[in-house]
Amino acid sequence: MTSHVTFHFNPVPPMNRSDTMLANNRRWVRERTAEDPDFFRRQASEHRPHTLWIGCSDARVPADLISQTEPGELFVHRNIANQVVPTDTNLLAVLQYAVDVLGVQDVIVCGHEECGGVKAALEDAAPPTVSQWLAQLRTVARLHDDELSAIADPMRRYVRLVELNVAEQVYNLSRTMVVEQAWARGKTLRLHGWVYGLREGLLRDVGVTLDGTPAAERREEAPSAAGAPERIAESALRSGGGLRAR
Ligand code: CO
């Protein structure tokens, strides 16, 4: 790759990047106001996102850009490897505010290929605090070890763990008090698992959507030609203990 291509979008030395970001902000305000004079007034007057996005902190997976949503549409929580840890008060507060106050109807857990957190969990290589954070992800890998170790290609094994991780985090979400109570009172709330393919830029649904319908009914309705998504649901349902769907 030539230096021309490398620096095309950011032709300044690293020291000045924060200044560049501030300057770009001014330009963005001018352009936005020119095409939509009321844009910022509307932004200030209400906060009514339709979706809670739980994604990875990875810089290459910006929720609004890849989903082509505008400011105001997504309530966002991001952490390393898009974990839903039942004792994480940060996530639980975000979830409760999103569901009970903002009234979102969809929650998306979005993992991504080339996830450093997932690789670290498989390879047991991460700084101590990160390693501690990834403990639950290592449990996911252990519970699905039969399937994962049968995959010879390390790249495909990573991708499969990315998918399984997303599925397990959706199930973790479904067992939070916030979600259980929302479903119990009849609120429309759908939990989705997606994976972002970094190489081609495409989001894909891994087919583990939960909407409060009991697992037995969902299995009867599940499409049979679904391939990978079906396998995720099946393997998650087969697994014991905390991995049962709902
Ligand atoms: Co990641």
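These legends accompany several close-up views of one predicted model.

**Figure 1. The whole protein gives us our bearings, with 13 helices and five strands.** Take a moment here before zooming in. Of the 246 residues in the protein, 28% are buried. Now consider the contacts with a separation of 6 or more: residues 24 or more positions apart account for 65% of them.

**Figure 2. Five strands form an open sheet in the order 2-1-3-4-5.** The pairing in this sheet is mixed. At its edges are strand 2 and strand 5 (202–205), each of which pairs on one side only. From one strand to the next, the twist averages 25°. Look next at strand 4 (residues 190–197), which pairs with strand 5 in the antiparallel sense over four bridges. Which residue of strand 5 stands opposite Gly 197? It is Leu 202.

**Figure 3. Helix 5 lies across strand 1 (51–56) and strand 2.** The helix runs at about 170° to strand 2. In the loop between strand 2 and helix 5 (89–102), you will find Ala 81, a residue that returns in Figure 6.

**Figure 4. Helix 10 (residues 154–174) is mostly covered, with 17 of its 21 residues buried.** How far apart are the end C-alpha atoms of helix 10? They are 30 Å apart, which agrees with the span of 30 Å that 21 residues should have at 1.5 Å a residue. Helix 10 also contributes ten residues to the largest nonpolar core, the largest share of that core.

The core itself has 48 residues. Those that touch the most other members are Leu 52, Val 109, Val 118, Val 162, Val 166 and Val 170. Zoom in on Val 170: leaving aside residues up to four places away in sequence, Val 170 touches Val 109, Leu 191, Gly 193, Val 208 and Leu 210. A broader pattern is worth remembering here: in soluble globular proteins, nonpolar side chains tend to be buried together.

**Figure 5. Helix 6 (residues 116–123) has its buried residues on the same side.** Which residues of helix 6 are buried? They are Gly 117, Val 118, Ala 120 and Ala 121. These residues cover an arc of only 160° around the axis, so they lie on the same side of helix 6. What covers them includes strand 1, helix 7 (128–133), helix 8 (135–143) and helix 10. Follow the chain onward and, just after helix 6, you meet Asp 124, with a positive phi of about 60°.

**Figure 6. Gln 68 has a positive phi, and so does Ala 81.** Some background helps: most residues other than glycine have a negative phi. Gln 68 is not a glycine, yet its phi is about 50°. Gln 68 sits in the loop between helix 4 (63–67) and strand 2 (74–79). Ala 81 is not a glycine either, and its positive phi is about 70°.

Is each residue buried or exposed? Gln 68 counts as exposed because it has 7 C-beta neighbours inside 10 Å, and a residue is exposed at 12 or fewer. Ala 81 counts as buried because it has 28 C-beta neighbours inside 10 Å, and 20 or more makes a residue buried.

Notes. Residues are numbered from 1 along each chain as its sequence is written. This is a predicted model: local features need pLDDT of at least 70, side-chain atom pairs count only at pLDDT 80 or more; totals for chains, interfaces and linings use all residues. Helices (H or I, at least four residues) and strands (E, at least two) are DSSP runs, numbered from the N terminus. The expected span of a helix is 1.5 Å times one less than its number of residues. Two strands pair if DSSP finds at least two bridges between them. Axes are lines fitted to C-alpha atoms, for helices over the stretch in contact, and angles run from 0 to 180 degrees between N-to-C directions. Two residues are in contact if their C-beta atoms, placed from the backbone, lie within 7 Å. A nonpolar core is a set of buried Ala, Val, Leu, Ile, Met, Phe, Trp, Tyr and Cys residues joined through C-beta atoms within 7 Å. The arc is that of the directions from the helix axis to the C-beta atoms.
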